[in-house]
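Me: Please walk me through this fold. I would like to take its strands, cores and disulfides in turn.

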Amino acid sequence: MQPMVRAFGAAIASSALVLGASQVAIAAPEGQPEYQVGAIDWKPCEEKPTVDCGFLELPIDYSKPNGEKFKLAVSRLKAADPSQRIGAMVINPGGPGGSGVNFTFGADRYFSKEIIDKFDVIGFDPRGVARSQPIKCSAEVLQRQPSDYPKSKAEFDQLVAFNKELRADCREVSGPIFDHASTKDVAHDIDSIRRALGEKKINYYGISYGTIMGQHYAEQYGRNIRAMIIDSNMDHSLGTWKFLETEARGANDMFNEWVKWSDRTPSSPFHGKDLRAIWKDLLAKADRGELKDETGRVITAENLGAGVVGMGYGPAFKQFADYIASLVQGAPADRKAFAEGETFENPFAGIFCNDYNLRVSSWGEYRALNAMENRVAPNTRGSSIGHGAMMGCVGFPKATNPQHRLKIKNAPKILLTNARYDTATVYEWAVNAHKQSRDTTVFVTYEGWGHGVYDRSECTLKINNEYLVSLKLPRNGTTCAAVEPAEASIMSAKPRIPAGPFSVR
């Protein structure tokens, strides 16, 4: 997973996707009329011909099945051993903004051979993302974006005005899909994929923001699940204060883990030194405006905190330590390893802000929230992810798919996993999601660091694969021991997941 610092996500080239002419009847969501959907006419993907690509034509608004349609991009990596095929496994890499189609291109490097042998791996670009009628905004508007760390009421009001302008622009540029890109809508799309594939039940693997898709699908279509893994979980029940507080605590915990790593690792440039004191001095220097990157831009204390959050994904303890060492030595530092670039695509505004009703109503409320996150996480100045997510929706109307407690009734047992230390989807979120679904989820903790649990260790891999293949689940509350992170740069290691947990602007 890549770290996000107010990112719009990477622009993705279109694929050779085609829509079949035949039509199949698809049952609509409960209480809504049935609709027709185009069958998938699979063709080799342009980017990777060993994977099949296609489109499903689906309603933008499921309550109006005969209304305007959009084309949902889907992909398929067929089971390598058809004689052992168990079924189809739909996957999602998170985001919002992660491409499931792209995920399938590297699925044979991510999943174990026995999974690739036995399952058709099915990817999709969620509505509003990549090849599926992406939500876009005008570059001219995006370029005027103010800081999401306002220092005065005037700056706060400027951010509110900008967000309102941006939302109006994105809606105009993107069309009706902007108002119908919530994860609840995506759950309906997943079941449309299942029916188009002709599968009575599907398997699902979702990571990060993909866990909300899995949670919604289990709530609405639980009886259509054979197996489901929700890895590195979002908690779709949290209000603004708790969302910000838990993210901040996760960031500060990762900072503490980085310090412990440095203390026990001789190759750390800070081994045997007082890293906490060094970091405190660096924060003070940043607050005085004395830190700069290779372009001459000032590095703020919030930027340093964002680096900790980005480092936590891998975790890239050694890489981040080397980066900080260059700052301490006075060398202009390259921040590229800890930030994403801006593009025209901006799925965050239409997806996250419709899934989470995190709304800061006034300058006074913002000051209270900001003071809290700084108290909880003084070493990282809160969490860049939590803060950016909250401030990216300031000024927006209420969410169309607001937070609620999980209500899963008809699903089989679901495997819920999380790392103890994860700066993206913090451990508290998984604990809370499990509490809300205790009768239907089995919770497994990886006692180490990073975002994504599936292949963290032989223990996690065995648990995940046994469940997918034979539906065998461990005892609830099972833990897998931490594995000391590799010192090599995460950027050159095996790819974990192609998108961030939620691609904050």
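Questions and short answers follow.

Reply: This is a predicted model, in which local features need pLDDT of at least 70, side-chain atom pairs count only at pLDDT 80 or more, and totals for chains, interfaces and linings use all residues. Residues are numbered from 1 along each chain as its sequence is written, and side-chain values use heavy atoms, with hydrogens and water left out.

Me: How many residues of strand β5 are buried?

Reply: Helices (H or I, at least four residues) and strands (E, at least two) are DSSP runs, numbered from the N terminus. Buried means under 20% relative accessible area, exposed over 50%, and partly exposed in between (1.4 Å probe, protein chains only). Strand β5 covers residues 69-77 and is largely enclosed by the rest of the structure, because the buried count is seven of the nine.

Me: Which residue of β5 is the bridge partner of Asp 52?

Reply: Two strands pair if DSSP finds at least two bridges between them. Strand β4 (residues 52-59) and β5 run antiparallel, joined by eight bridges. Within β5, Asp 52 is partnered by Arg 76.

Me: Which residue in β7 stands opposite Arg 76?

Reply: β5 also runs antiparallel to strand β7 (residues 119-124), with four bridges between them. Opposite Arg 76 in β7 stands Ile 122.

Me: Which residues touch the most other members of the largest nonpolar core?

Reply: A nonpolar core is a set of buried Ala, Val, Leu, Ile, Met, Phe, Trp, Tyr and Cys residues joined through side-chain atoms within 4.5 Å. The largest one holds 65 residues, and the two with the most contacts to other members are Phe 124 and Phe 352.

Me: Which helix gives this core its largest share?

Reply: The core of 65 residues is the largest. Its largest share is six residues, and they come from helix α7 (residues 209-221).

Me: How many residues make up the other core?

Reply: This core lies apart from the largest one. Among its members are Val 121, Leu 415, Ala 419 and Ile 463. Its total is 32 residues.

Me: What pattern do the disulfides follow?

Reply: A disulfide is a pair of cysteine sulfur atoms within 2.5 Å. A search of the whole structure finds four. With bonded cysteines counted along the chain, the pattern is 1-2, 3-4, 5-6, 7-8.

Me: How many residues apart are Cys 137 and Cys 170?

Reply: Their sulfur atoms lie 1.9 Å apart, forming a disulfide. The link is right-handed, with 105° about the S-S bond. It joins distant parts of the chain: Cys 137 sits in the loop between β7 and α4 (139-142), Cys 170 in helix α5 (residues 153-174), and the separation is 33 residues.

Me: Is Cys 393 buried or exposed?

Reply: Cys 393 forms a disulfide with Cys 353, sulfur atoms 2.1 Å apart. This link is left-handed, with -90° about the S-S bond. Cys 353 has a relative accessible area of 1% and is buried. At 0%, Cys 393 is likewise buried.

Me: Why does the pair of Cys 459 and Cys 480 tie together parts that are 21 residues apart in sequence?

Reply: The sulfur atoms of Cys 459 and Cys 480 are 2.0 Å apart, forming a disulfide. The torsion about its S-S bond is about -65°, so the disulfide is left-handed. The parts are tied together because Cys 459 lies in helix α16 (residues 458-470) and Cys 480 in strand β12 (residues 479-480).

Me: What is the relative accessible area of Cys 459?

Reply: Its partner Cys 480 counts as buried, at 1% relative accessibility. Cys 459 is partly exposed, with a value of 30%.
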